[in-house]
Each structure stands twice: as structure tokens, then as C-alpha cells.
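Colleague: I've got a new model on my screen and I'd like to talk it through. Can we take it piece by piece?

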Amino acid sequence: MLHPDRLFPVEPRARKIARSLYEGVRDLPIVSPHGHTDPRWFAENAAFDNPAALFVIPDHYIYRMLYSQGVRLEDLGLRRLDGGEVETDPRKIWRRFAQHYYLFRGTPTRLWLDHALETLFGLTERLGPGNADAYYDAIDAALKTAAFRPRALFERFNIEVIATTESPLDPLKSHKAIRDSGWAGRVVTAYRPDAVVDPDFAGFRENVRQFGEITGEDTLNWRGYLEAHRQRRAFFKSFGATSTDHGHPSAATADLLAHEAEALFRRVLAGDASTQDKELFRAQMLMEMAAMSCDDGLVMQIHPGSWRNHNPSLFATFGRDTGHDIPTRTDYVQALKPLLDRFGNHADLTLILFTLDETAYSRELAPLAGHYPALRLGPPWWFFDSYEGMMRFRELTTETAGFYNTVGFNDDTRAFPSIPARHDVARRVDCAYLTNLVVNHRLDEDEAHVVARDLAYRLAKRAYKL
Amino acid sequence: MLHPDRLFPVEPRARKIARSLYEGVRDLPIVSPHGHTDPRWFAENAAFDNPAALFVIPDHYIYRMLYSQGVRLEDLGLRRLDGGEVETDPRKIWRRFAQHYYLFRGTPTRLWLDHALETLFGLTERLGPGNADAYYDAIDAALKTAAFRPRALFERFNIEVIATTESPLDPLKSHKAIRDSGWAGRVVTAYRPDAVVDPDFAGFRENVRQFGEITGEDTLNWRGYLEAHRQRRAFFKSFGATSTDHGHPSAATADLLAHEAEALFRRVLAGDASTQDKELFRAQMLMEMAAMSCDDGLVMQIHPGSWRNHNPSLFATFGRDTGHDIPTRTDYVQALKPLLDRFGNHADLTLILFTLDETAYSRELAPLAGHYPALRLGPPWWFFDSYEGMMRFRELTTETAGFYNTVGFNDDTRAFPSIPARHDVARRVDCAYLTNLVVNHRLDEDEAHVVARDLAYRLAKRAYKL
Amino acid sequence: MLHPDRLFPVEPRARKIARSLYEGVRDLPIVSPHGHTDPRWFAENAAFDNPAALFVIPDHYIYRMLYSQGVRLEDLGLRRLDGGEVETDPRKIWRRFAQHYYLFRGTPTRLWLDHALETLFGLTERLGPGNADAYYDAIDAALKTAAFRPRALFERFNIEVIATTESPLDPLKSHKAIRDSGWAGRVVTAYRPDAVVDPDFAGFRENVRQFGEITGEDTLNWRGYLEAHRQRRAFFKSFGATSTDHGHPSAATADLLAHEAEALFRRVLAGDASTQDKELFRAQMLMEMAAMSCDDGLVMQIHPGSWRNHNPSLFATFGRDTGHDIPTRTDYVQALKPLLDRFGNHADLTLILFTLDETAYSRELAPLAGHYPALRLGPPWWFFDSYEGMMRFRELTTETAGFYNTVGFNDDTRAFPSIPARHDVARRVDCAYLTNLVVNHRLDEDEAHVVARDLAYRLAKRAYKL
């Protein structure tokens, strides 16, 4: 199923160069500086439940595609908020998935799944209705063995370090348990404060109150609230965090005077803030986070431009993160200006930008990152974590920002078994891109080898201080 | 002139695969679910007038290019609204066209024309000033023969079904004549209500009045007006219609309360509606049409984002549809939300989206269609009905929406002799795209054959219920 | 270092065609209709100072990249406005540049520099820290010889004509000196009135006053101000100018009544104009310039969409044009409408449009230029003067606007030694693009040869009336 030359250019001379570049990076350890694996897996090291629970139910790439073709989410086992009936037989869910596997033709999900099926479970035929049951049995049996426990997979995947993402309200118990266990695997956290920074986040006010409880700061007071962030960031750092992450609707930043920010915070807490006020508060908080990063050295990531929960009926039934977030046009040049005016020239700040709006690559992101010392470009994100997405990213940014204002790959996933596949795709596509430069003589082959290693390994470690 | 491998990748292994994929779809019947051929042709089956009337005068792709290089539309035989003098000698028009044929180098028009000249008329040399007269004579002679009558061409083109597009005010006499004639060719209509839905349409108020006359409903009353639509849609269905089509400036939709909609309708009819009111009315009418589609099963198409009649001086002289419509930025994520909130999860509604703003492909359209069961993506439209346009469409949408949220090809043309060429280009480009997936092992070759047939034939029939 | 097949496709048949197309254009004279070389070079014909002064200090592509990676502009020898200390040793600057040369991997700067080093100085090894001193010495020695004086290079570069860009306030002394010198090199000026047209330009009011002094017109009066433009344009024409150039934040145009324009001019001169008023004034001035072009035949260029001086701290320290201009979203369809309404159908006006927003290529620019007789598309500009940028330009515009609504290449540079490299890149990429059309049979090979020559030479001469 897996061709050794997959994702490489077809022309024989080019393919040979791509192979050679890939040889040099294939076996490098995985550095995963941003993602959503559950630290409990590594803390408890329990077996994964079953094939459906591992591959289908948690993967929004999978169920959004099936949903778009008329499959009900209930029939894929997604939990309803009202406790209503949903499919509970994992084998039936798996069969449904296998029956619709053809929908993923030409998509990255197909590449990831095929890779996992073959490399992890030795299953080398294409999944389909005909082999669904046999595949279920094979995977299920494997998952019951010691070799498929989370820590064993972590080691087998050759992960040098992986970052999870937690809310400031998270007590990081799993991270503590990992540390206390003496296991050598390096799992670090990252500070994602949306729950206490975004007034539109469910339970915002209560979150801020709890934030105070956890930190012992008066978080209903602007100074206490900021202090709580500082304290909590330090706590996260003590569990290995080297970065923060911010998932805002836009990339807006603001630079309010202290008393303005304080008044805004009061309005936002009072719960009657306008849409503009909420946006302004998020904007101001990016500035505060940048200021704190200048102090504590945490690398800052902004993931803007997702319209969360676009489908109200799904949201009401299944809640957030169930496959109906939609990208929106995203401006950076105007939005980031307040922050860049203050911190853009700080070579000691690292601000990594992501986008769901590919039009920004050549028009905004590459020119900004090709100038401001504080800025770096994150890899193609979400819908663009794919062959074409990565090719476009390199083609649209390299000529202006070069390679060294980018930061290597993020798998950004909660689908643990897909992690090697995702890094493998990224390495292959970067090798294919570099090959294109080599074969039409825009880059020497010896340099391409160096860059391939930088993109696969070194840049991620350097940018994320890992 | 026509190379058998045209539009295929050059690398020998890839070309071989492309050929083999194309073999499997080349001779499939043409399904043309959306277009602008004149049903009168098939009703009356009269000979086409002459080469200029067939190829040049009705083709806005052709005269807009010549106009951009300083050729007057009068000299191409376009009728002036004021009855002013224009070229009436079709041979002179044809010569002018031949003289400027070099302007079409690298454009789809060139591909279409070459295809028609060679396959229909056996003319295998490139058109130019040197052979213009000989070509004119050859084509003119052929057009006078029975083999070049509309029905004969329809059969020669292997058209399984073709949809025309009519206004609700159209009595569908030609469609009736076709049906009554006993001819086996399948020509269906489609419901395009812009003339009675768009307050900016010329003669809107009078159109609505006439709409009442035709249907016997009180169309100056909101309920009567909606009833007239229901009735007329049923009438169109009785002439084979399976779809509606909506050509609005934007994709805006709205969900007004009944009394708000009623009041808006009154303002719009009164003729003093503001620009916003007119836009809101079109938006509300998309919602009403979707609601009716849920009832009567008509597939809904939205073709938004064309700034019609951008050139006021041309508009004054020659009227609408004379080659000066210009694309505009088009939002879908916000614009469609009211409609999707109500009907997006209806798996029995089919809403096909088109765009003239390619930035929407990867950012908005693929993510929306990759989630909402009601949505499908129409093929590349108008300026993008081309090799590069189709390649970009697939590259930008497949990874997120897959193949099965797209609907095959539309020729969307009034240029009847170009229909086989257009479908041939689409089939070739899809085969070329699939080849790219096969040669770098993103798709197995056996699957590519299945997908090629789906894209060339099955998806159009399924999506349009034909 | 320079491969003879660089930028050509790798597939052997394709490469052969590309070579053959390139053979036909490689040695054509350079026509440089828009750029920023200093006419004083050609007037005085003095030796260039040293390698750093020639290659590093004036090249914003170079120092913006180094700055983005933490190199201070002071350390690259950029002059501080406050007279503060900066590096003055050109050898140290050169070493710093060589040490960071790896940052340019995959960028056009690398192509240009390698080309200049090898073809001008015979330096065939990749620049790096190891050979920095030797390269410095070799270049420095060459610059002291007669063969490297500006006029000698001009002739060696085979420049048929080059346009510089001057403000209306420039007395054109260097141009006069060139003319008086009897030297045969053709150096013409171009009229770039931003300094007296853009109310946000530093010293605008004083500039307008000076404009009056130079022309003897009462430029504080609207009619006198317009008259001064007319007069000055004629003066520029007498020094060979065939074009004007306009670098506005947007492409906005306006068509005010005379008394409105007059009142606006007064507000703008008074210095208390609003942001909107300033934008409106620039918009109106594009209209006035177009009207004058209809009279005096000067070709009009619009370079919109750059957010100048995005980094206030750099601007305060080093002033304008120091590598921190950032592209912005740019609308053309709405913005140009007033101008097109009046002059779009004038086949005797030539208005050349540029963009820093590539999304406009297929959505706005190609459709506009593919219709309006007055419009032509300028080549890829600034960040997009690159392999990928040029490929995207052709792929996104040709199918709608063809080749003959484009105008050939602009080097648009103040980096004199890079001019042959830039034209060579453009010729190679156009040949590569044409090859792509030939090998999949969208264009016949004999036609591709004609088009290659048109793009490399003829179209620039024709569009710019050179």
C-alpha cells in the first residue's frame, strides 16, 4: 500500500534526488512542538480501547467528511450532550468507516491512515467493506498487547519530545505523573489560555474565577488577573513548557493604556461587553502575553482565523470541536501592527504565526516574517497539513522569507497513531519541494541536504527552544 | 492541430497513465446539467446562419479579448441598442476574428475553437489571416448540410441530456415543441428566477407583474408572489427541470420573519428600496428558494460574485452580457450562514456553489462542502473553465472536500459547437490531475479509473438528479 | 555556479524545448522601461565605491532578510538619520553578508547575486564566510577598472534603453548631462509625482510650494497646480520620458466635479485634511493624470498596495525605503471604476497595473485587462519578481487576458549589477512557462518562439512606446 517513493516527483532524475534527500531525514527523531495528544495516555500507559476509539471517534477529519456525505455523527459514536442514543458498538462504527473509506481518495487522511495501518499493524491491503472485519480484529488484538501501549508507541515512533496543550485551569496532574514515573519520554505542556482570555469561551467568567482560586490571585482585578497569568506561565514552565498558544477568531492586537485595559477587563467580566469589546480584549491579551514572553522567554504561537462552531445545530447536539469550524479571511498586516510596533524588533521574542487563509502567505506573512526579527512562520495548519498545502506554503513563502524564518513541522494532532505518518508526509513533501529547486538549479544539492535536515529537525528545536 | 495527448503531463510514465485513464472516459455520453444553449435550436432544428453567427458574435470570450485589443464591437457584428450601424457581412467579421486569432494563444478559447474546427469541419491547420476565407467557405458549406443541423449535432455530440436555462417568464414553448416533436433528444429546462427576484434586474417591477399574469397569482402580494414561484417551479419540473439557478452579486442569504419579508417585498416593489434592501431581498429569496427546494426537490445552484455590466458606456450601447462582467471578492462563510443554519444539515437538499473568486476554494468552499451535507461544489466557472483553472480547483479543494462533494463538469455555454471540446478538456484535465496523484502514489491506479468515470459522468447525474 | 539550464523544466523533452526557446531570446537587447537606477551614474560615469556599497547597502531585499534574522541595520552600514554610529568598513559589511548568504537559499536574491558574481567577476564558487575576503578583493579590484564604470557596464549589459524614475521636483540635471555628453546610451526619465500628489508624503506642502517655484505656476491654486503638472510632464518628455508612475496605498480613483476637486485641494493643502480626504485626493489625482495622459500620450503606471514604513521604530531611525514596506489587500474592480468609466475605452491611453496582492491576478486584473482597451498588466512586482511569482502570474492571467494584454518585463531595481540577471530570470521563466504550454499541446512550438520574443522584447517597447 505504501510506495517507497510516495510524494516524490515522477521524473527519474528528480525522483533520485528526492530519495537521496529523504534518506538523510527519514530516521531523524520526531520533534513535536505543538499538538493535542492527551498526557494521560503517557501518564497511565493504559491500552487504547479499540480501533474505532483510536482511529475514528476522535478524528474530526474523518467524521466531518462522512457527515458531509450524509452519515449521522450518532452513527459514528460521537457522544450527544443530551445523552441521547448513539452507536456504541465499535465494530459497527469501524465498518461504517471502512464502507466510506473511498471518500478520502486524494486526501491527507487517506495517507495517514494507510501509513498507520501498514507500519503499525502490517495491514497492506486498502481498507474497504471487504476487509473491515479482519482489519478490526487485527488492530484490536494488537492494541491489547504491550507493544501498543502509549509509551511503547512513543518510543517506537522515535519521539524526542512532544508538547501537549493545556488550559491554565489544568492542574497538569498527568504531566506530574509522567515526571514522577521516572519514564524517560519527554512530554512537555504548552500554555493555551483561551478559556480565561476569550470572553466568548464557554464559562469565561467562571473560568476567570477559578483561575483566581488556582493561583491565589484576585483575578477579578486586572493586576491580579495578569499576575495569575505570570504565575501560571511559570508553573507551566516548570513542566517543560516552552511555548504559549492562542486560538483567536482574528489576529487583532491592541495596545491600550493600563487604565483603559483595566476598564475593558471590568466590562468584559461584567458579562455585558459588546462584540467589539470582546475582540478588543482578546487583542489586548495578545499584547500582554507578548510582554510576558519577553520576560519569561515562552515562544508565542497565534492560530487565528477559525470560525468555531459554524453549525449551531451540531454545536447544540455535540458541543465544540466536532468538525464544523470553518476558516475565514484573516488580516495580519493591520491586525498585528500594535504588537509589532512594540515588540516586532525584539530578536529575543519569538512569535509564530499560523493561518487558515492561504492568501496571506505571499501577501502578508512572508513579507512580515521576512522583515520583523520577532516573527516566524508556522507550518501549514489543519486543512493545509497536506501535500498540496505544504507545496503551496513553500512556493508562496520561500522566495520572500526564505527557509530560516520558518519553524519546521507541527503535527498538531490528537490522533496519536498518525503522528509518524504526518511527520513522514512533511519530510517527504519538503524533500520533493527541495528537489524541485535542485533540478532546475535554484539550489545546490549539497545545500538541499542541509536544508532538509533543518526543516525536519533543527528548526523546530531552535524556534521552540526544545 | 489536435494532439492526441493534449493536456496530459509530459513525463512518459505519467503520460501513459493519463492516456489510459482518458481511454476510459473519452467516449462517455455528455451530461450537461447547466448551460445556455437556445432550446429553439432543438425545437426548430434550423440550420445555423453562418460561421460568424455560430462562432464569433455570440461568444463573449471571443469579443471581449478582441475588444481589449482595440477592436470595436460594432466591427464584430454586435447589435447596437440604438440600431446604429454595425458590420453585417459575416465574412468580414470572420476575417477580423482570424486576423486576431493569435490573441488567444494560451487560452481555453483557442483549445475549444481548434477542437471544433478539426473535429467538426476537418480543418487541421491553425486558423489565421491566410486561411480565413477558405475556412469560412468550408464551415459555411457544412452548416448548410443536414449533418450540421442542431439535432444532428446533438446526436453526434453524444449528449445524453442537456439543460437550458430559462426565466420564470418564459413560456417554455420551445421545450414544449421539442417534447411534442417526438425527437428523442433529452433537453430539459432550469429555473432561473433572477428577472423576478433581483430588484436591480432591468424591468423588475414589470417582470413581477407579468409573473402574476402568467401564473394567475397576485404577485404584488408576498404570499401570492411565493405561490407563483411554487407554481412556476412545478411547471418547469414538468419540462424536465431538476434544478434552479441564481446569479446574484453576492452569496448573501437571510432569514427574515414572515412579516419582515413581506414589508421588504413591498419596499422593493415600490421601487424606492435602498441598495441594502435590494441585497437583503435577494438574500431572503435564496432562503425561500431553498425552502421550496426542500419541498419540490429541485437542486439549487448559486453563481455569485459577478459585477454585471461594469462598463457603463458599453452597457448603454450594447446592453447586458456583452463581455464586461467582472468578478469580485466573494464571501461564503458569513453570507451562507443563515441558509446553512436552517438547511445545511438537510441531506435531501442539494445546494451547488460556484465562484469567481478562487481564494474561496481552499479557505471557504472546500471546508464548507467538506462538512455540510447539503453543500456540493460546482466545477470551475467562466474565467476558470480552463486547464489551469481546473487544476487549481482540484488542487485546492480535493484534500479537504474530496471528490465526492463535487459534481462533475458544467459546460455552461451558449456556444453549442464548443460543447464537446469543453467536456473533452474537463475530462483530460481531470485525468491529468488524477495522474499526478497516481504517479506520486497518493491514489492507486485502479481507483483513479473509478474516480475518472465519476467525475466525467456519474457525479453530474447524481448531483443534478438527471 | 550557474547551470546553463537553470529555471528550465527537468523532463528531457521539455528541457530541450525550453533551451531552444531561450536560445531565441537570450541575446536580445535589454529594454528596461521602469526602474530606479541613479542617472548620476551614467552622467558622471564614476567608479562604484566598493563591493558593499554596490551590492549590500542599497539592496532592501538583502538587508530585510538579514534584519529578520537579527542582524542590525547599523551593522550593514545603513545611515542613521540621527548620525549615530554605523559600520563604515565595507569589508566587514561584506563579511557579514557572506556569513548570512545561506539565508537566501531558494530566493531570487540568490539567483541575482550568483549571476552577477559569475558573469561580471568570474567568481564561480558559492559565496560564504570562507571566500568572503577573496571575493571582496576580486570585486573591489574589478570596480576600479574602466570596464566596470557605469557606462561600460551599461554597454556590456546590452541595454537598449533604460528608464529612471524622478520626482517632478527633480531638475533632471543628470539626464541633461547625459544628453549633453554625447554618449550614445539611451537613459530616459519617468514622471513619478508622489511627492506633490500624496498628502501623506513627507514635506507635501513644501513640495507643492517648490513645485510652483520650479514651474512658475501658482501651485497653491488648483488650476495652477494642474498646469504645473502639465508643464512638468512636457519637460520630462523632453528628456525622453514616455511614462508616469504612481505609488499609492490603494488603486482608488475618483471623478470629482471641478469645484469639488478644488475645495479638496484647498483642504489638503491646509494640512488638516482627514485620512479620507487624503485618499480621495490621491484618487482624484489618478484621474487627472489619466486625463493628461490622454493628451500628452504618457503611459501611466499604477503601483498600489504597499503599506510604506510599517515599522515605526525603523522608520524613525533610518527613514523610508529601508525594507519594511508590507503588501496589503488591494481592490481594483471597485477602485478603478471611476477612471475606467471615463477612460477605460480609450484605446490610445495605456494604463499599466501592478499588484502586491496576487489574489487579484485571476479575479480582477486579468478580467479587467481582458476587457478594457486602456488596460495592460505589468509584470510581477517586488516580492513576486521571482521564479514562482512569474509562473503564478502567467498561470493566473494568461487564460483570461492572453499574452498581449501584458507588457513584458520590468527590472524595477536600483541594484544596477543585477539588471542582466533579472532580465535573464524573466526570459528563462517565460520560456519555461511557454514550454509547459508546448509540451502539453496548448501552444504550437513555432508560436512559442514568437511569444517568447514578444515577452522578452517587443511588448515592452510597444506598451511603453520606447
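Modeller: Sure. One definition before we start: the expected span of a helix is 1.5 Å times one less than its number of residues. And keep in mind that this is a predicted model.

Colleague: OK, so what span is expected for helix 18 of chain A, and what does it reach?

Modeller: Helix 18 of chain A has 15 residues, and at 1.5 Å a residue the expected figure is 21 Å. From its first C-alpha to its last, the helix comes close to that, reaching 20 Å.

Colleague: Is helix 18 of chain A largely enclosed or not, and how many of its residues are buried?

Modeller: A residue counts as buried if 20 or more other C-beta atoms lie within 10 Å of its own. Among those that pass in helix 18 of chain A are Tyr387(A), Phe393(A) and Arg394(A). The helix is largely enclosed by the rest of the structure, because its buried residues number 12 of the 15.

Colleague: Which residue just after helix 18 of chain A takes a positive phi?

Modeller: Look just past the end of that helix. The phi there is about 70 degrees, and the residue is Gly402(A).

Colleague: Now the contact between chains A and B. Which helix of chain A gives the most to it?

Modeller: Chain A puts in 40 residues and chain B 36 residues. On the chain A side, helix 4 (60–68), helix 6 (108–121), helix 15 (312–318), strand 7 (326–327) and helix 18 (387–401) each supply at least two. With 4 residues, the one that gives the most is helix 4.

Colleague: What kind of axis relates chain A to chain B?

Modeller: Chain A superposes on chain B by a rotation of 120 degrees with 0.0 Å of shift along the axis, at an RMSD of 0.0 Å. That's the relation of a three-fold axis.

Colleague: Within chain A, which helix of domain 1 gives the most to the side that touches domain 2?

Modeller: The assignment splits chain A into domain 1 (12–48 + 147–463) and domain 2 (49–146). Their contact takes 24 residues from domain 1 and 25 residues from domain 2. On the domain 1 side, helix 15 and helix 19 (419–439) give two or more residues. The top contributor, with 5 residues, is helix 19.

Colleague: Last one: how many residues are in the largest nonpolar core?

Modeller: Those with the most contacts inside it are Leu434(A), Leu434(B) and Leu434(C). Leu434(B), for one, touches residues including Leu21(B) and Val451(B). The core's residue count is 452.

Key: Residues are numbered from 1 along each chain as its sequence is written. Chains are lettered from A and ligands numbered from 1 in the order in which they are written. This is a predicted model: local features need pLDDT of at least 70, side-chain atom pairs count only at pLDDT 80 or more; totals for chains, interfaces and linings use all residues. Two residues are in contact if their C-beta atoms, placed from the backbone, lie within 7 Å. Copies are superposed by least squares on the C-alpha atoms of residues with pLDDT of at least 70 in both. Domain bounds come from an automatic or database domain assignment. A nonpolar core is a set of buried Ala, Val, Leu, Ile, Met, Phe, Trp, Tyr and Cys residues joined through C-beta atoms within 7 Å. Lists of a residue's contacts leave out its neighbours within four places in sequence.
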